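Good morning, and thank you for making time on the agenda. I would ask everyone to turn to the screen, where the sequence and the model will appear together.

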Amino acid sequence: MYAYRFPAVRRKRTAPTREEPAMSGTAQDATITDTALHADRILILDFGSQVTQLIARRVRESGVYCEIWPFTADEERIRAFAPRGIILSGGPASVHDEGAPVIPEVVFALNIPVLGICYGEQAMCNQLGGKVEGSDHREFGRAFVDITEDCALFRGVWARGSREQVWMSHGDRVTQLPPGFRAVATSEGAPFAIIADEGRRLYGVQFHPEVVHTPHGAALLRNFTHNVAGCTGTWTMARFRDVEIEKIRKQVGDKRVICGLSGGVDSSVAAVLIHEAIGDQLTCIFVDHGMLRAGEAEEVVKTFRGQFNIKLIHRDASDLFLSALEGVTDPEVKRKTIGRLFIEVFEEEAAKIGGAEFLAQGTLYPDVIESVSFTGGPSVTIKSHHNVGGLPERMNMQLVEPLRELFKDEVRDLGRELEIPESIVGRHPFPGPGLAIRIPSDSITREKLDLLRKADAIYLEEIRNAGLYDAIWQAFAVLLPVRTVGVMGDGRTYDQAVALRAVTSTDGMTAEVFPFDMGFLNRVASRIVNEVRGINRVTYDITSKPPGTIEWE
Ligand code: XMP
């Protein structure tokens, strides 16, 4: 179901420079750390790599809590976080660039283990008295390192004398080690592919251990966090749940909380967690705009009222939304109309409840990471995603955001911990404007929504039956605004066409087409044409993102 996000909490920043270190400390509130929960924590300083988030994923998968901060984070903040170790990410800069990112001095002053990855390694060497040079032998993609010495990073993973696959991405390379360091592995393009100063517990790798193309990368990171930095790996979702419940109780006291429930993963998990913490002080508002998939509204009501006994207001506002959308064909107007009405209806229902001081939101960690980007330039609005605008400010409420430290997969794990049904926890993402943007360049009517719902339900049923649902990021049908001629039995048909879409993705930013076999597609097509009166043609969308987007509008 839909996942409205309110832009007020998005703190993503672009194009910082060293002269403009405004990010340091600005979102300190974005990192609610808890000593009991996160005694074992690792800090990742981001130098702008595309894959910094993967470092955090790998570290957390090994049971260690970590946060990603920009390299501009200030000393006091880093000291207060008290990490057991620091990982310096890669990044696109060269240490020789004017204004190149610099590792804060406190990183070395803390006397804790440090692991530099790619740019992180180069910057470390540069700052500690080594030498980094541009190289004719750039290495991008798969490469091999020869293990020449023993090293704490290799324990139980790599042995001296072996040759191991890694993923490289560097132009510059270290050509002279700082005092105290030795090389423990080499590659064709980098004589100092892995370096170590075991006295000071400083390590550097010229490749990306966080990506899957470095097959043993996760184990190397684990060696760093567990063996070198001494983390015990006790960060689990069960523990997170207990501590978070205490935090919610402390924050909310005896006040009341309202939560917009959509049936999507984030709002569902947030609602159930908050309900465990404060019971009936929570009221959920489910604004049903009439553009959900088949059976979803019923499932939300059944699950949250029935199974979890949560106070739930189900407002069927479909008439309101559909009449406002009458004749609207432009995608942005559709999105904005739905966003505006959603807020109005939500506010109306909240006012009826009265007296709530807190608004719950399913904000996730990727929304609050203060990202570092060197791409600069103006960003073009492709779609006004999530822009339902400013609800928290308008309503003048304090926010309860119990998921803001979690990645999506972790939210799903927490949902399982909370015994939320798999049909909700494992559900594909669904856009806020719902099926309205799956009826492209056309106006929305109940009849068209019904046609689309039926086709979509058959498609998803077949995907589930084939055991493919979890292998796909998102799959859905799109009702096309064309009528085509067909033949059924002895008669002529002149009906609408649907397009089927299914993609794989890790974050929705890029996507690949899912490679169904033709037998599967034939089966779905024939079921849709036979069972949905009004549809006589089925196509499969084979556009990746980019250049396409996942949704058609
Ligand atoms: P696109 O179509 O931009 O979609 O490739 C990327 C991801 O975002 C979802 N999406 C939306 N989510 N409001 C939302 O909450 C929206 O207006 C919206 N438009 C697209 C889309 O389903 C995919 O997961």
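A word on naming comes first: helices, of at least four residues, and strands, of at least two, are DSSP runs, and they are numbered from the N terminus. Please also keep in mind that this is a predicted model.

Let me begin with the chain as a whole. It contains 16 helices and 20 strands. Its radius of gyration is 26 Å, close to the 24 Å that the globule rule gives for 553 residues, so the chain is as compact as a globular protein of that length. Along the principal axes, the C-alpha trace spans about 80 × 60 × 40 Å.

The domain assignment divides the chain into domain 1, residues 41-228, domain 2, residues 237-425, and domain 3, residues 445-540. Between the C-alpha centres of domain 1 and domain 3 there are 46 Å.

I turn now to the sheets. As a reminder, strands of a sheet pair through backbone hydrogen bonds, either parallel or antiparallel.

One open sheet is built from nine strands, in the order E2-E1-E3-E4-E11-E10-E9-E6-E7, and its pairing is mixed. Which strands stand at its edges? They are E2, residues 65-70, and E7, residues 163-170; each has a single partner strand, so one side of each is left without a neighbour in the sheet. From one strand to the next, the twist averages 20°.

Within this sheet, strand E4, residues 114-117, pairs with strand E11, residues 202-205, in the parallel sense over four bridges. In that pairing, glycine 116 has glycine 204 of E11 as its bridge partner.

Two helices can be placed against these strands. Helix H1, residues 52-61, lies across E1, E2, E3 and E4, and runs at about 165° to E2. Helix H4, residues 119-127, lies across E3, E4, E7, E10 and E11, at about 115° to E4.

Before leaving this region, I would point out asparagine 111. This residue sits in the loop between helix H3, residues 106-109, and E4. Its phi is near 60°, a positive value in a residue other than glycine. For context, most residues other than glycine have a negative phi, and most peptide bonds are trans.

The next sheet is also open: five strands in the order E14-E13-E12-E15-E16, with parallel pairing. Its edge strands are E14, residues 311-316, and E16, residues 398-400, each of which pairs on one side only. On average, neighbouring strands here are turned by 30° against each other, direction ignored.

How many bridges join E13 to E14? There are six, and the two strands, of which E13 covers residues 282-288, run parallel. Threonine 283 has lysine 311 of E14 as its bridge partner. Helix H10, residues 331-353, packs on this sheet, where it touches E12, E13, E14 and E15, and its direction makes about 145° with that of E13. Helix H6, residues 237-252, lies across E12, E15 and E16, running at about 165° to E16.

My next topic is a pair of helices. Two packed helices are described by the angle between their axes and the distance between the axes. The axes of H15, residues 446-465, and H16, residues 518-531, come within 10 Å and cross at roughly 150°. This crossing is right-handed. On the H15 side, the contact is made by Ala455, Ile458, Tyr459, Glu461, Glu462 and Ile463, and on the H16 side by Phe520, Arg523, Val524, Arg527, Ile528 and Glu531. What is the character of the residues in this contact, by nonpolar, polar and charged? Seven are nonpolar, none is polar and five are charged.

Finally, I come to the segment after strand E20, residues 535-540, where proline 546 lies. A cis peptide bond joins lysine 545 to proline 546, with omega about -15°. The bond from proline 546 to proline 547 is cis as well, and its omega is near 10°. Proline 547 is likewise found in the segment after E20.

Thank you for your attention; I am glad to return to any part of the model on the screen.

Key. Residues numbered from 1 in each chain as written. Predicted model: local features only at pLDDT ≥ 70, side-chain atom pairs only at ≥ 80, totals over all residues. Heavy atoms only, no water. Domains from an automatic or database assignment. Axes fitted to C-alpha atoms, helices over the stretch in contact; angles between N-to-C directions. Left-handed = near helix turned anticlockwise from the far one by under 90°. Contact = heavy atoms within 4.5 Å. Nonpolar A, V, L, I, M, F, W, Y, C, P; charged D, E, K, R; others polar. Pairing = 2+ DSSP bridges. Rg over C-alpha atoms; globule rule 2.2 N^0.38 Å.
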